[in-house]
Amino acid sequence: MGTEPAGRAEQVEVVIVGAGPTGLTAALRLTQMGVRHVVLDAGPAPTQTSNAALVHASTLEILAELGAADELVEAGGKVNRIVMVDRGRVLARVGLTDVPSSFPFALGVPQSTTEEILLRRLNGPVRRGHRVTAVREDGDGYLVTGTAAGPDDPVPFEVRARYVIGADGSHSAVRSAIGLDFPGETYPSQFVLADVELGERPFGDDEATINLSARGVTVIGRLPGGTHRIIATVDPGSEVPQAPGRAYLDTVLSARGIDVRLAAAPVWSSRFRVHHRVADRFRSGGVFLAGDAAHVHSPAAGQGMNTGIADAYDLSTRLAAVLNGQAAEPVLDGYETERRAAALEVLRFTDRLTKLAMLSNPAARAARRALLGTGSRVRPLRHRVTLWITGLKRSPLRSDLPAVTPRRPEPAKP
Ligand SMILES: Cc1cc2nc3c(=O)[nH]c(=O)nc-3n(C[C@H](O)[C@H](O)[C@H](O)COP(=O)(O)OP(=O)(O)OC[C@H]3O[C@@H](n4cnc5c(N)ncnc54)[C@H](O)[C@@H]3O)c2cc1C
């Protein structure tokens, strides 16, 4: 990072780069604690698609702290169980209801709705069309610069801040600006994703099913309004349409022995590749990475957005405690220690799940059937898996975050 002389840039305490679920959660928490901040986002509008469609108990607890949980629960559909099925035969059931939480379930809800509710709750401006291109040290803070969409050509902008949160997704410009590596790999399989209306189905509305087969894994889970989300792994070499249609998806379901068909053309569908990467540091001085900017992993067990929201709550609580004079700077060190360990744990577990799900060798698949069948009947093991999936085990609300209270408003000038 270079150093530039102090100019007349706008000055705030925290700049948040990115208004996805991670950036919006950080903004809400900082607002709650009275910290002056701005949110900059390169995109013209919030996410319109369903992307991360499962919100876990630990995330609902965080959103409750921010006053956003009730509206979200109202908008979503409860998922009480995850059921593992192999060609029609139930191998394992993992209940999500037997957990020490006031939200004993997962919630099926599109990411676009989650973001919409966070934004409504924030009730403050997000500067859209603001693409950050550089972050430089500047005195005892940072100068964040970039270009803002103008009526004709983009116009340069700059904001100075004591701290910067890079919540700008997997291609993070903030991560590049502070020179942090993002090591990891890409899974060979392709992933197909679709939001669909299903015909008659052999599972309950409150169940998400993970269907194993030699052709690949297919996850089917509930979304609100009678639709379902399908995620399927597909062989690396096979032709997948850019937006898979009804006929393609019905063929995938039938080839895997899943006794359900689409009732209409998909509401939305896509194909993508999955990477698993964790940044080598989550912090450089006063610049922090959170959410997809810091870690990306397989969608197995729906951990991506949930982990980002937990990062944001942890980090913004620590920043507010320091900026409000309620904790000393070293409390910020805990962010990387806690949240990088959480990200590595998520990566390891989702990687194991993904590899287990993608087994094609018949002997290995038979061993998997036996392992899942026996393992799911051992209650302590089942409970551990549930605590892991729900995120309760690594929730910032259950760690030693500093106590923080909202800053008192400054007295009005006479
Ligand atoms: C098709 C798809 C399906 C998915 N399915 C699942 C799922 O089933 N389960 C799950 O848990 N996760 C899933 N994910 C991942 C999940 O969407 C992410 O984990 C989550 O969005 C991460 O949130 P974030 O706020 O960290 O980053 P993002 O949501 O990526 O938000 C980053 C924001 O930063 C902005 N930005 C980027 N660069 C700049 C810049 N230079 N300057 C300013 N702003 C910038 C972007 O416009 C964006 O608004 C899916 C993702 C996709 C794309």
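**Contacts and cover in a predicted model**

Colleague: In this model, a polar atom in the side chain of Arg229 sits 3.4 Å from an oxygen atom of the ligand. What makes that pair a polar contact?

Modeller: A polar contact is a pair of N or O atoms within 3.5 Å (within protein, one must be able to donate a hydrogen and the other to accept it, and residues adjacent in sequence count only if both atoms are side-chain atoms). The Arg229 pair lies at 3.4 Å, so it falls within 3.5 Å and counts. Keep in mind that this is a predicted model, where local features need pLDDT of at least 70 and side-chain atom pairs count only at pLDDT 80 or more, while totals for chains, interfaces and linings use all residues. Residues are numbered from 1 along each chain as its sequence is written, and side-chain values use heavy atoms, with hydrogens and water left out.

Colleague: Which other atoms of the protein pair up with the ligand?

Modeller: A side-chain N or O atom of Asp292 is 2.8 Å from a ligand oxygen, and a polar backbone atom of Ala42 is 2.9 Å from a ligand nitrogen. As for cover, the ligand taken alone exposes 1,000 Å², and the protein buries 79% of that (Shrake-Rupley method, 1.4 Å probe).

Colleague: What surrounds the ligand?

Modeller: There are 30 residues around the ligand (each has a heavy atom within 4 Å of it). Thr22, Asp41, Gln111, Asp292 and Gly304 come nearest. Strand β8 gives the largest share, three residues. By class, the shell has 13 nonpolar, twelve polar and five charged residues.

Colleague: Why is Ser189 called buried?

Modeller: Buried means under 20% relative accessible area, exposed over 50%, and partly exposed in between (1.4 Å probe, protein chains only). Ser189 has 9%, so it is buried. This residue belongs to strand β11, residues 184-196. Strands are DSSP runs of E, at least two residues, and helices are runs of H or I, at least four, numbered from the N terminus. Beyond its neighbours within four places in sequence, Ser189 is in contact (heavy atoms within 4.5 Å) with Thr233, Val234, Pro236, Arg273 and Met358.

Colleague: And how do you know which label Gly245 gets?

Modeller: Gly245 has a relative accessible area of 28%, so the label is partly exposed. You'll find Gly245 in the loop between β14 and α6.

Colleague: How about Ser112, buried or exposed?

Modeller: Buried: Ser112 has 16% relative accessibility, which is under 20%. Ser112 is in helix α4. With neighbours within four places left aside, Ser112 touches Thr47, Gln48 and Thr49.

Colleague: What makes the buried residues of α10 line one face?

Modeller: Those residues are Thr386, Trp388 and Ile389. Looking down the axis of α10, they fall within an arc of 160° (taken from the directions from the helix axis to the C-beta atoms), so they line one face of the helix. Pro380 and Arg384 are exposed on the other side. The cover over the buried residues includes β5, β6 and α8.

Colleague: Where is Val99, and why is it called buried?

Modeller: Val99 is in the loop between β6 and β7. Its relative accessible area is 10%, so it counts as buried. Among the contacts of Val99 outside its neighbours within four places is Thr386, one of the buried residues of α10.

Notes
Nonpolar A, V, L, I, M, F, W, Y, C, P; charged D, E, K, R; others polar.
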